[in-house]
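I opened this model to look at one helix pair and the cores. My notes follow.

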Amino acid sequence: MAVVAPPAEGAGGAGSGSDPDRRPRRSNSALITLFVVFFAVLGVGAVARIGVGSALEDGWYGTYLPEPLDRPDFTLTTTEGEPFDFRAETEGKLTFLFFGYANCPDICPITLATLRSALDAAPGLAATVVFVSVDPERDRPDDLRAYLDRFDRSFVGLTGTPAELDAAQSASGTSAAQLEEPDETGAYDVGHSSRVLVITPDDRAHLSYAFGVRQDEWADDLRRLRGVDEWWSR
Amino acid sequence: MQWWCTASSEPWSWAWTPYPGIWLSVAVVAGLYVRTWRRHRPGRPLTAAERRMPWWFASGVGLLWLVTDWPIGALGAGYLASMHMLQFMVYTLIAAPLVMIGIPSWFLDGARAKRWWPSFATLSKPVVAGITFNVVLLSTHSPFVVDLARANQLGSFAMDVVWLAAGMILWLPLLNPAHELRHPSLAVQALYLFLASGVFPMLPGAFLVFADFPMYATFELSPPVGGLDPAVDQQIAGLIMKVGNIPILWPVLGVLFFRWAMKDEESTPPRPAPEVPIPVTE
């Protein structure tokens with residue numbers, strides 16, 4: 001004898017239009033659609049990100065200079081007050097040359113922090129970082145030294161008279177810095193190039209870095225630079 | 001004038017900056033609350049708990065305002081990863097639950113018949129809510145999304161809205177205004193909260209702490225604030241994500257555990273009294 005079990009309490013019969021167990025499954029499509037759209041947006045983003053990373057010319061994050069510059073020839077003064085013949089002092093060395101000023105609110109501190117971090121990530125790479133202050137009025141030697149020491153004690157600080165600085169920037173192929181109008185407190189900004197010039201041991205500048213190259217990208221380039229033999233042999 | 005906090009290449013300034021979009025949003029949310037309260041208020045006298053609800057809601061919205069507007073909002077949107085993380089923690093672990101405690105169940109009386117209600121019920125399940133919250137956490141802290149969203153006001157606004165929504169979803173199994181959708185077991189609630197907001201966020205937090213380089217271009221290339229190095233700032237952000245939930249999470253877990261223990265004790269049937277032999281006198 002067949003025994004028919006009574007329907008469970010609260011369950012509707014098969015095919016019932018008002019079956020409470022069926023309705024949630026049908027309406028979950030909104031939730032599923034939301035999830036699908038969300039992941040699709042993420043996926044498109046990831047693909048876009050990969051695309052950006054692989055499209056760099058020559059594989060450098062910095063700008064490769066097809067016609068490299070010669071190591072600049074200029075003389076300025078160190079934070080110790082000694083004359084510094086840039087070409088003679090850095091000859092045959094991997095050198096990073098950057099023009100800025102200690103009161104710079106953005107480009108200079110970010111660039112110096114980036115350089116320090118990237119050099120830390122490329123151990124064994126002997127490099128000289130030279131920071132030239134284009135604001136000799138405010139960047140007295142002690143102030144400039146204290147500023148650079150916040151980033152790395154090995155960073156070389158240079159400055160000079162306006163005429164010497166103009167000559168140094170010209171020799172480096174860098175646009176001359178411009179002092180902007182002071183505000184009511186007398187503070188002023190200095191418009192200057194944000195470019196870091198990389199001069200390799202063959203005494204030529206093959207690469208330059210505009211502001212915006214990130215620490216991990218710098219580190220990748222420095223590790224690669226370590227292995228570029230033709231730039232190391234003079 | 002900007003209407004929402006966003007990344008900026010301008011050096012940070014402590015000069016107050018107005019963000020009218022934030023004020024408008026707060027006003028709209030508060031206005032909607034008052035309107036709904038007036039429309040749906042039941043005819044019976046309100047309970048003491050219901051009378052306190054507007055204060056809970058106002059506290060939550062006030063806190064949202066505090067961390068979205070200048071200075072925290074502006075710092076978090078474009079200058080400091082640590083402030084970005086602080087915002088996220090306040091949004092999801094403090095403001096969102098306060099807002100939810102402040103919503104009476106009769107706000108949702110008319111919603112139960114809506115087509116989206118079953119989706120809402122599904123979203124209230126601990127597994128779904130936990131996964132959703134952590135997907136939002138991971139995606140809105142991925143460098144691609146942060147750098148993209150924080151670069152413009154609309155993206156920054158969207159990220160803040162998504163954070164608030166994610167925070168509310170996180171708390172649905174515990175504080176759902178529709179009480180029938182809360183998970184019935186306090187032990188499961190405690191375990192869920194521990195896993196969803198205590199354990200899983202430690203993984204991305206560890207990534208931030210131990211990364212070799214700053215992960216977010218927004219914070220790495222922004223003008224420095226207070227001389228804070230972007231790598232150190234990111235480590236602080238990672239620490240906030242890893243352990244910043246402790247002052248919120250553990251007291252809540254303690255309360256849940258205590259309630260669960262009390263409930264368990266109440267539901268245990270009393271032991272029968274030991275039988276005392278009746279002395280028989282002859």
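**Helix pair in chain B**

I looked first at α8(B) and α9(B), which are roughly antiparallel to each other, since an angle over 145 degrees counts as such. The model is predicted: local features need pLDDT of at least 70, side-chain atom pairs count only at pLDDT 80 or more, and totals for chains, interfaces and linings use all residues. Residues are numbered from 1 along each chain as written, with chains lettered from A and ligands numbered from 1 in written order.

I then checked the geometry. Helix α8 (residues 153-175) of chain B and helix α9 (residues 186-199) of chain B have axes that come within 10 Å and cross at roughly 170°. Helices here are DSSP runs of H or I, at least four residues.

I listed the contact, taken as C-beta atoms, placed from the backbone, within 7 Å. α8(B) brings L170(B), P173(B) and L174(B), and α9(B) brings Q189(B), Y192(B), L193(B), A196(B) and S197(B). I sorted these residues into 6 nonpolar, 2 polar and no charged.

**L170(B) and the cores**

I followed L170(B) next. Not counting residues up to four places away in sequence, L170(B) touches T92(B), A96(B), A129(B), F133(B), A196(B) and S197(B).

I turned to the largest nonpolar core, a set of buried residues (20 or more other C-beta atoms within 10 Å) joined through C-beta atoms within 7 Å. Of its 58 residues, those touching the most other members include L170(B), A96(B) and F133(B). Helix α4 (residues 81-101) of chain B gives the most to this core, 14 residues. Another core, of 47 residues, lies apart from it, with F86(A) and V132(A) among them.

How values were computed: Axes fitted to C-alpha atoms, helices over the stretch in contact; angles between N-to-C directions. Helix = DSSP H or I, 4+ residues; strand = E, 2+ residues; numbered from the N terminus. Parallel < 35°, antiparallel > 145°, perpendicular 65-115°, else oblique. Contact = placed C-beta atoms within 7 Å. Nonpolar A, V, L, I, M, F, W, Y, C, P; charged D, E, K, R; others polar. Buried ≥ 20, exposed ≤ 12 C-beta atoms within 10 Å, placed from the backbone.
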